[in-house]
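Visitor: I should like to understand how the terms used for a structure follow from its values. May we look at one together?

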Amino acid sequence: MQEIRQYVSADLDQMVALDDECFAEEFRFSHPMMKRFAEARNALTLVLDSEDGGLLGFIIVHIEGGPDGGLGYVVTLDVAAAARRHGVAARLIHEAERRAEVKGALRMMLHVFVQNEPAIRFYEQRGYRMIGLEPEFYGGTGMDAYLYSKSIQGETAP
């Protein structure tokens, strides 16, 4: 399998197409939003290519500093349908956690739609714990999200 690499702007169109494949319309990022998130000053954007040059998956994490240490926030984690259940998401989240810690993050946080049971299981299996509920998190759609958190300080195992 290919190595995880840093995002380049040429990846953007494939990322938007993969986001469209992965999520229902109310959860998708528009092209301008994806560009803004992927290329933000504090963004850690990683991609995993397929052998044929397409994208198997990608992750966008924003790193924020703070008086008690930095925080990584998972903006999105997308994996192509054909690559699911082959460790792609696990590789991406592990590498993002590792690189976020190198950049000073002590904790990772993310939101998950309350009805996305596969994602909830995935994150909980990796040590994320639900710490709250965010009502109507998804832009006034009436859909709620759980807030998850994980300490990454000193984490080394996948």
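Visitor: Why is F137 called partly exposed?

Guide: In this predicted model, F137 has a relative accessible area of 33%. Buried means under 20% and exposed means over 50%, so F137 falls in between and counts as partly exposed.

Visitor: What makes Y138 count as buried?

Guide: The relative accessibility of Y138 is 16%. The cut-off for buried is under 20%, therefore Y138 counts as buried. F27, at 18%, is buried because the cut-off applies there as well.

Visitor: How do you know that F27 and Y138 form an aromatic pair, and why is the pair called edge-to-face?

Guide: The structure holds 7 aromatic pairs. For F27 and Y138, the distance is 4.8 Å centre to centre, with 90° between the planes. Rings pair if their centres lie within 6.5 Å, and planes over 60 degrees apart count as edge-to-face; the pair of F27 and Y138 therefore meets both conditions.

Visitor: What makes this a link between distant parts of the chain?

Guide: F27 lies in the loop between α1 and α2, whereas Y138 lies in the loop between β6 and β7; they are 111 residues apart.

Visitor: Why is the pair of F137 and Y138 called edge-to-face?

Guide: The planes of F137 and Y138 have 90° between them, and the rings are 4.9 Å apart centre to centre. An angle over 60 degrees counts as edge-to-face, so the term applies to F137 and Y138.

Visitor: Which residues do ring pairs link into a cluster?

Guide: The cluster consists of F27, F113, F137 and Y138.

Key:
Residues are numbered from 1 along each chain as its sequence is written. This is a predicted model: local features need pLDDT of at least 70, side-chain atom pairs count only at pLDDT 80 or more; totals for chains, interfaces and linings use all residues. Side-chain values use heavy atoms; hydrogens and water are left out. Rings of Phe, Tyr and Trp (its six-membered ring) pair if their centres lie within 6.5 Å; planes under 30 degrees apart count as stacked, over 60 as edge-to-face and the rest as tilted. Helices (H or I, at least four residues) and strands (E, at least two) are DSSP runs, numbered from the N terminus. Buried means under 20% relative accessible area, exposed over 50%, partly exposed in between (1.4 Å probe, protein chains only).
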